[in-house]
Amino acid sequence: MMNRCAELLFWVGRYMERAENHTRLIDVNYHMRHELKGIDNNQDYIWERLVSAIGDVDLFKTRHLDINETSVLEFLTFDRRHANSIFSCIQQTRTNMRALRQLLPSELWDTINDFFLWLKEQTVNTVMIQSPHMFYQRVREWISLFNGIAESVMVRGMEWNFIQAGKYLERAENTVRILHSIFTNFIKDGFPYRDKDHYNRMIVLLKSVGGYEAFRKLQADEVTFTKVTEFMMLNPGFPRSVHFALTSLDSCLNTIKQQDYHFAILSDQAIQLTAQIKATLAGGHPEFDGLVPLNDMLISCHQLGIDISKTFFQEETITA
């Protein structure tokens with residue numbers, strides 16, 4: 001497989017996972033924002049926190065004078081100049097897949113193309129007039145349809161593994177970023193994160209990754225930041241935990257190494273870094289008691305993405 005094709009496949013996985021993560025977080029926070037009010041009871045405070053969790057506050061402020069409900073939803077969902085908006089993620093996925101149509105099932109192209117054309121016709125005004133919840137639910141359904149088709153019809157070859165590698169790397173980084181944002185907010189608000197009266201925030205945090213019901217099966221009563229963080233970071237059976245994502249990523253990288261000798265030596269570097277992050281995750285700080293471990297994990301995930309790009313996708317020039 002050519003490096004260029006591998007890179008496009010990898011970013012298909014990343015973009016689709018990023019779009020799903022953003023959609024879920026926007027929807028959950030939007031409909032539970034009354035539980036997330038700041039100490040000044042200012043709604044703008046909530047919208048800024050949402051931008052900081054999944055976007056770029058400085059970039060937002062260069063595009064919009066005011067932080068409010070409409071401007072934030074526009075920026076995070078429809079802004080075509082914002083590379084991480086939901087629209088931009090779906091548009092870039094479609095662009096990548098158009099170049100890969102000979103490698104992927106036609107059902108996947110049909111789904112992403114129909115999704116893009118539908119999303120292209122939507123605006124923040126129509127979303128606000130109708131129902132934001134229904135809109136974001138529909139977006140999640142499109143993404144689930146795409147993932148379901150990939151799961152059911154794709155051969156488990158190089159194409160599958162590169163898409164899955166992108167998806168799981170993005171998932172690990174997103175989960176750490178959300179936890180980092182929540183912990184930072186505790187510090188800014190002057191709230192001790194060990195307090196047991198953060199129940200509402202913890203429920204929103206769990207629902208933002210679809211883990212509320214799974215967590216309650218394990219922890220019926222103790223809904224604390226420490227327990228929720230341990231669940232989201234370490235639980236080996238929860239699909240959106242960092243441990244699960246890194247384990248799946250490691251499996252994809254090893255399969256790629258075995259299937260294509262062209263990537264065998266290069267993939268060792270990415271596999272080694274993945275193993276180091278997993279070791280840090282499991283043994284470095286089991287309770288993640290503080291901002292520093294989360295910040296270190298976020299940096300490590302970001303570095304892993306850089307290393308994968310260097311080892312798989314950049315052509316090396318060999319000189320005499």
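What follows is a set of questions and answers on a predicted model, centred on helices H4, H5 and H6.

Visitor: How many helices and strands does the secondary structure of the protein come to?
Guide: The model is predicted. Its strand count is zero. The helix count is 15.

Visitor: What percentage of the 320 residues in the protein is buried?
Guide: Buried means under 20% relative accessible area. Among the 320 residues, the share that meets this cut-off is 54%.

Visitor: How many of the residues of H4 are buried?
Guide: H4 runs over residues 69-78 and is mostly covered. Its buried residues include Val72, Leu73, Phe75 and Phe78. Out of ten residues, the buried count is seven.

Visitor: Which residue has a side-chain oxygen that reaches the backbone nitrogen of Thr70?
Guide: This contact sits at the start of H4. The oxygen comes to within 3.3 Å of the Thr70 nitrogen. The residue is Asn68.

Visitor: Is His82 buried or exposed?
Guide: His82 lies in the loop between H4 and H5. Its relative accessible area is 2%. Because the cut-off for burial is under 20%, His82 counts as buried.

Visitor: Which residue has its backbone oxygen 3.2 Å from a polar side-chain atom of His82?
Guide: Leaving out residues up to four places away in sequence, His82 touches Leu59, Arg63, Phe75, Leu76 and Ser88. Two of the residues named here, Phe75 and Leu76, are buried in H4. Ser88 is buried in H5. The backbone oxygen in question belongs to Phe75.

Visitor: How far does H5 reach from its first C-alpha to its last?
Guide: H5 covers residues 86-99, which is 14 residues. At 1.5 Å a residue, the expected reach is 20 Å. The model comes close to that, at 20 Å.

Visitor: At what angle do H5 and H6 pack?
Guide: H6 spans residues 106-120. H5 passes H6 in a left-handed crossing. Their axes are 10 Å apart. The angle is about 145°.

Visitor: How many nonpolar residues are in the contact of H5 with H6?
Guide: From H5, the contact includes Ile86, Phe87, Ile90 and Met97. From H6, it includes Leu108, Trp109, Ile112 and Phe116. The polar residues come to three, and the charged ones to three. The nonpolar count is ten.

Visitor: What share of contacts with a separation of 6 or more joins residues 24 or more positions apart?
Guide: This value is for the protein as a whole. Among contacts with a separation of 6 or more, those between residues 24 or more positions apart account for 67%.

Key
Residues numbered from 1 in each chain as written. Predicted model: local features only at pLDDT ≥ 70, side-chain atom pairs only at ≥ 80, totals over all residues. Heavy atoms only, no water. Helix = DSSP H or I, 4+ residues; strand = E, 2+ residues; numbered from the N terminus. Expected span 1.5 Å × (residues − 1). Buried < 20%, exposed > 50% of the residue type's maximum accessible area, 1.4 Å probe, protein only. Polar contact = N/O pair within 3.5 Å; in protein donor to acceptor, adjacent residues only side chain to side chain. Axes fitted to C-alpha atoms, helices over the stretch in contact; angles between N-to-C directions. Left-handed = near helix turned anticlockwise from the far one by under 90°. Contact = heavy atoms within 4.5 Å. Nonpolar A, V, L, I, M, F, W, Y, C, P; charged D, E, K, R; others polar.
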